[in-house]
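Please look over the sequence and the model shown below, and keep both in view while reading. The paragraphs that follow take up one helix, then a strand and its partners, and finally the enclosed spaces.

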Amino acid sequence: MSSPTSYERLVRRLYRTNLYNPVKLGLNNIQDLAVALNSPFYSPPSTANSTVTSTSPPSSPSPPSPPSSVGIIHIAGTNGKGSVSYKIAESLRLSGFKTGLFVSPHISSFRERVQVDGVCIEEEHVNVILSRIFKACENENIPATFFEITTAMALEFFDNQKVDAIVLETGLGGRLDSTNLVQSDLAVVTSIGLEHTRILGDTKEEIGREKAGIFKMGRPALVGVDVPFSTMKSEAERHGVTTLHTIGSVLGPEVEETFMSKDFDEQNSYVAKSALQILSTTDAFQKMSLKGLKISPSAVAEGCKKRPPCRFELTTCTSLTNKSVPVILDVAHNPPALLHLFSKLSTSHPSSKKRIVIGMSSDKDLSECGKILLSNVSPTSVHLVEASHPRAAKIPDILEACPGLSPARYDLDEPCVEKQTLLAIEEAAENDEVLIVCGSVFLMAGARKALGYNEPRDSDFVAKEAGANLRKDLQEHFGNRVWSEDEESEGDADEREFEEFLEGAKR
């Protein structure tokens, strides 16, 4: 067995960071890191005690920063923020902008979180930047967490690469999220739902105020349709936003009126198109237009077709008998998401027989998920798997919650995703079925490996540490609220454990 590479050792160390540094959401650590790294994306405030740590929003906004030579788009929201981020980044890239994208979580490789023009950060860049950040943390005694370090790494890489534009997806909330270090040219809140209520608040209004924390004085903001608009409007006024845009104000009232009846991907495309239209009028993008860089309508039309991986992702594979098998990958992980998945399948593949590979997380409603499966497919067409993750539901627990799945295909001695996916490919080929791989995001790496995806993939040495920060005795802190791992949704595979705000294809 070969020795671990520098990349593997550094990323493994990063995954274990939260075991030693308690997570307390706020901007102190990321601000201290930015100063230590001399980041161009942060200017230390001149007034004392101006860092954001309280759970109460500040009484007045920070003054605006002068326009940067880099256009920055900051995106928050309960659902859709990942898809909107990808669509905006792809549209900018196709328009000729060198574009940085920061998203989470990743599917197969940690490097997916940081991209420039759709290409993942290279291992050697991770090595150099992470080493520098770890050294800064040690020298300055900064107890930075996984997500804070990853955010700092992304911004450092984007600066090194001299990008024209940066698309930043928040992790949790917005106001106290480490991505809120930046002064963005446009803030986008895609939607507001009841998520992380013990952390962000018990109502959509409270959660909306947290996400509106990314609004910046002197800059525009955009909100989607599914938000508490009066709350967002008052927050925009308090933060000194120039204009609070809506989908209707940008694309027309007829679009807003039919928005909620559209497919999730269409909704996300409308938000992305609205954001791109607003972006073209901002100071940063106006300055770049003088250099010949302009957002192209044709690029927007093409870029908004982009989806994040494993969000109703269509592909094909070839069986051992050389037969082509249609495959759909989707991180539908809970009852609402599964209902949406099967509803979409009834439209996209109405007459096709279906075979399912599914693995779930232990904190989901396993009984209801099982009922939804059985109402759509025969149990003999279901393959049960367990992801290599601390939160993965065990197959016996799934069967206990839903005895109707007992005839399903599974292997208690070897419940790995890759094995069952390979078996399902052959079964689907033999029976002329569409293969659907769904459930937890944590099973997708194994499934994609079995399907033959040629993409960056972290070694087992790295991947097995991905859940190191999820020990049940760990607690995370949001101001004066304590957040136990047991309270999380299947979330942020970093310190907040990827709240699968996705609602299936929503993200």
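In this predicted model, the buried residues of helix H14 (residues 335-348) are covered by several elements, including helix H11 (264-279), strand E11 (324-330), strand E12 (353-359), helix H15 (366-374) and strand E14 (433-439). The residues of H14 that are buried are Pro 335, Ala 337, Leu 338, His 340, Leu 341, Phe 342, Lys 344 and Leu 345. With its 14 residues, H14 reaches 20 Å from its first C-alpha to its last, which is close to the 20 Å expected at 1.5 Å a residue. At the N-terminal end, H14 is capped by Asn 334, of which a side-chain oxygen lies 2.9 Å from the backbone nitrogen of Ala 337.

Turning to the strands, E7 (residues 186-189) is covered on both faces, with Leu 186 and Val 188 buried on one side and Ala 187 and Val 189 buried on the other. Strand E2 (residues 71-76) runs parallel to E7 and is joined to E7 by four bridges, and here Ala 76 stands opposite Val 189. Strand E8 (residues 221-223) is also parallel to E7, with three bridges between them, and in E8 the bridge partner of Ala 187 is Ala 221.

What remains is the enclosed space, where two cavities of 30 Å³ or more are counted, and the largest of them holds about 90 Å³. Among the residues that line this largest cavity are Ile 30, Leu 33, Phe 41, Ala 152, Glu 156 and Leu 181. The elements that give two or more residues to this lining are helix H2 (28-36) and helix H5 (146-160), and the largest share, four residues, comes from H5.

How values were computed. Residues numbered from 1 in each chain as written. Predicted model: local features only at pLDDT ≥ 70, side-chain atom pairs only at ≥ 80, totals over all residues. Heavy atoms only, no water. Buried < 20%, exposed > 50% of the residue type's maximum accessible area, 1.4 Å probe, protein only. Pairing = 2+ DSSP bridges. Expected span 1.5 Å × (residues − 1). Contact = heavy atoms within 4.5 Å. Polar contact = N/O pair within 3.5 Å; in protein donor to acceptor, adjacent residues only side chain to side chain. 1 Å grid on protein atoms, 1.4 Å probe; cavity = no way out; pocket = protein on both sides within 12 Å on 5 of 7 lines; lining within 4 Å. Points joined across faces, edges and corners; volume = space filled by probe spheres on them.
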